[in-house]
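User: Please take a close look at one part of this model, the surroundings of the ligand. How do they connect to the rest of the protein chain?

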Amino acid sequence: MKTFDVAIVGGGPAGSSCSAFCALAGLRTLVLERERFPREKVCGDCLNPSCWPVLERLGLTKRVWDLPHSELTSVEFIAIDGHKVIVDLPTGEDCELSIKRSLFDDLLLEHARNLGVHVHEETTVTALSYSSAGKACRHWPVTRTVLDAPQERGCNALHPGWKIETTSGDSFLAQVLVGADGRNSTVARLRNLLPRPARERVALQAHIPLPRNFGKRIVLQFLREGYSGQAPVNETELNLCLVGTPPTISRLRQWAQQHFEIPADQPWRTITPLTRAPVPCSHENLLFIGDAARVVEPFTGEGIYYALRSAELAAGAIAKIISGKDRQFALREFARVSAEMYRGRLWINRLARAAVLSPRIGSLFVPAARINPSILKLLTAKIVSPKL
Ligand SMILES: Cc1cc2nc3c(=O)[nH]c(=O)nc-3n(C[C@H](O)[C@H](O)[C@H](O)COP(=O)(O)OP(=O)(O)OC[C@H]3O[C@@H](n4cnc5c(N)ncnc54)[C@H](O)[C@@H]3O)c2cc1C
């Protein structure tokens, strides 16, 4: 059985960047990813400018710019009655790009692999067991999917750690485990930490032919049944997202078919939940990052930033734990800086959520912003402002 310092479940932006930072810190690092990359993912494909400093620290800025992309210049908010308000986005090096997730995620995972990370694709994690501090089982428990108390199994004093089992039949050992497996995190579920999801909304996403003269704008459009996000991802394709409730989503799809003249059999990717309570990010030798830790409202397009930055913070904590520094302190510090990352931003998230849960109320922002544009300018500036 192969042994690692750290095993990361999920190879999305959170998992791949955490693994890259761990490898840069000299750790033996494993990533287990359910899909084979490149793969698409339900997302608006927009890279918030806050991502740039983290991508720079990963040494990836130029390679991201080299991917097919659109450099977005403005956000256009459209109310239910069709009224519009346009807010400019930052330009130059701090600009917002849109890049298909198949390309962006693949670049990150490939970068991790090149840094020496062991990446196993098409490998779904199905079971976890843990032997707690200072003790380990002589033979690892193999049948139970939740924490096995080492005392129950007559354990010897050895190194603590995780046993991770997968659908491929391979098992792995690691001292530290990271849950980077998205909003429906298997790691959180296996540890009985996954909150009950709020399945009040569902999202659909597709790449469709780019309408003529669409320009380089993001469109956020309130509709009676929910909202739609639109952004060009290259010279020929538009990312189209629809967010509604289970009863309204088929009407949103019909709206999209008419509005964009797309066929009735257009394939859509789908995802739920759109929000849920957070999972505490730091436990004994177990950390959660990205969507697995906290799902933010997609309307503000910040999820990839939180994935990248929480990954970097987790890697810093893991490097300390593996090097034998005070583990409790490292974990507490990780929890503190993670919470700080969201501080002052959750109200925007709540506001966005309230607006999109009630598109009529959300639509009121648009005429208000036409009278006083500083409201939306301020909100947009907050969302795309540099973080860390
Ligand atoms: C409609 C919508 C639009 C959005 N638009 C934007 C946007 O424009 N900009 C933005 O920044 N954010 C956006 N987001 C949010 C963004 O998509 C997420 O925040 C981001 O993908 C989180 O990255 P992650 O690495 O944490 O998780 P993910 O990207 O979900 O990656 C998790 C990975 O874990 C793997 N996995 C899952 N279970 C297992 C398992 N058991 N074993 C092994 N592997 C497993 C999955 O295959 C996946 O590759 C949007 C979200 C939605 C729903």
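Analyst: The ligand and its surroundings

The protein chain has an accessible surface of about 16600 Å², and carbon and sulfur atoms account for 54% of it. The model is predicted. The protein chain has 388 residues, of which 55% count as buried, and is built with eleven helices and 18 strands. When contacts between residues at least 6 apart in sequence are taken, 73% of them join residues at least 24 apart.

The ligand is surrounded by 36 residues, and the closest of these are E33, G44, C46, D291 and I304. By residue class, the shell around the ligand divides into 14 nonpolar, eleven polar and eleven charged residues. Nitrogen atoms of the ligand come up against backbone atoms at several places. At G44, a polar backbone atom is 2.7 Å from a nitrogen atom of the ligand. At R34, a backbone N or O atom lies 3.0 Å from a ligand nitrogen. At V125, a backbone N or O atom likewise lies 3.0 Å from a nitrogen atom of the ligand. On its own the ligand has 1000 Å² of accessible area, and the protein covers 96% of that area. Two elements, α1 (13-24) and α7 (303-322), give two or more residues to the shell around the ligand. The largest share, three residues, is that of α7.

From the shell the account can be carried into the nonpolar interior. The largest nonpolar core contains 76 residues, and the residues with the most contacts inside it are C18, L55, V64, I164, L177, I289 and I318. Twelve residues of this core come from α7, which is the largest share. Thus α7 makes the largest contribution to the shell around the ligand and also to the largest nonpolar core.

I164, one of the residues with the most contacts inside that core, can be followed in detail. Leaving aside residues up to four places away in sequence, I164 touches A7, L32, V125, A127, L128, D170, S171, F172, A174 and L177. A second, separate core has 21 residues, among them C46, L89, A203 and I218. Two names in these lists lead back to the ligand: V125, touched by I164, has a backbone N or O atom 3.0 Å from a ligand nitrogen, while C46, a member of the second core, is among the closest residues to the ligand.

Next to be placed is E165, in strand β10 (residues 161-166). Because its relative accessible area is 15%, under the 20% limit, E165 counts as buried. T123 is 42 residues away from E165 along the chain, and the C-alpha atoms of the two are separated by 9.5 Å.

Some loop residues carry backbone features that deserve a check in the display. F37 and P38 are joined by a cis peptide bond with omega at about 0°. P38 sits in the loop between β2 (29-32) and β3 (46-47), and F37 is also found in the loop between β2 and β3. F37 is buried, with a relative accessible area of 8%. Beyond residues up to four places away in sequence, F37 touches G11, G12, D105, D106, L109 and E121. Measuring C-alpha to C-alpha, F37 and L107 are 9.7 Å apart in space and 70 residues apart in sequence.

Another cis peptide bond, again with omega at about 0°, joins T272 and P273. P273 is located in the loop between β16 (269-271) and β17 (282-283).

Positive phi values occur at two residues other than glycine, E122 and N213. For E122, phi is near 50°. E122 lies in the loop between β8 (118-120) and β9 (125-131), and at 48% relative accessibility E122 counts as partly exposed. For N213, phi is about 60°. The loop that holds N213 runs between β12 (202-209) and β13 (217-223), and N213, at 73% relative accessibility, counts as exposed.

To return to the ligand: the protein covers 96% of its accessible area, and backbone atoms of G44, R34 and V125 lie opposite its nitrogen atoms at the distances given above.

Note on methods. Residues are numbered from 1 along each chain as its sequence is written. This is a predicted model: local features need pLDDT of at least 70, side-chain atom pairs count only at pLDDT 80 or more; totals for chains, interfaces and linings use all residues. Side-chain values use heavy atoms; hydrogens and water are left out. A residue is near a molecule or strand if one of its heavy atoms lies within 4 Å of it. A polar contact is a pair of N or O atoms within 3.5 Å; within protein, one must be able to donate a hydrogen and the other to accept it, and residues adjacent in sequence count only if both atoms are side-chain atoms. Accessible areas come from the Shrake-Rupley method with a 1.4 Å probe; for residues, only the protein chains shown count as cover. Helices (H or I, at least four residues) and strands (E, at least two) are DSSP runs, numbered from the N terminus. Ala, Val, Leu, Ile, Met, Phe, Trp, Tyr, Cys and Pro count as nonpolar, Asp, Glu, Lys and Arg as charged, and the others, Gly among them, as polar. Buried means under 20% relative accessible area, exposed over 50%, partly exposed in between (1.4 Å probe, protein chains only). A nonpolar core is a set of buried Ala, Val, Leu, Ile, Met, Phe, Trp, Tyr and Cys residues joined through side-chain atoms within 4.5 Å. Contact means heavy atoms within 4.5 Å.
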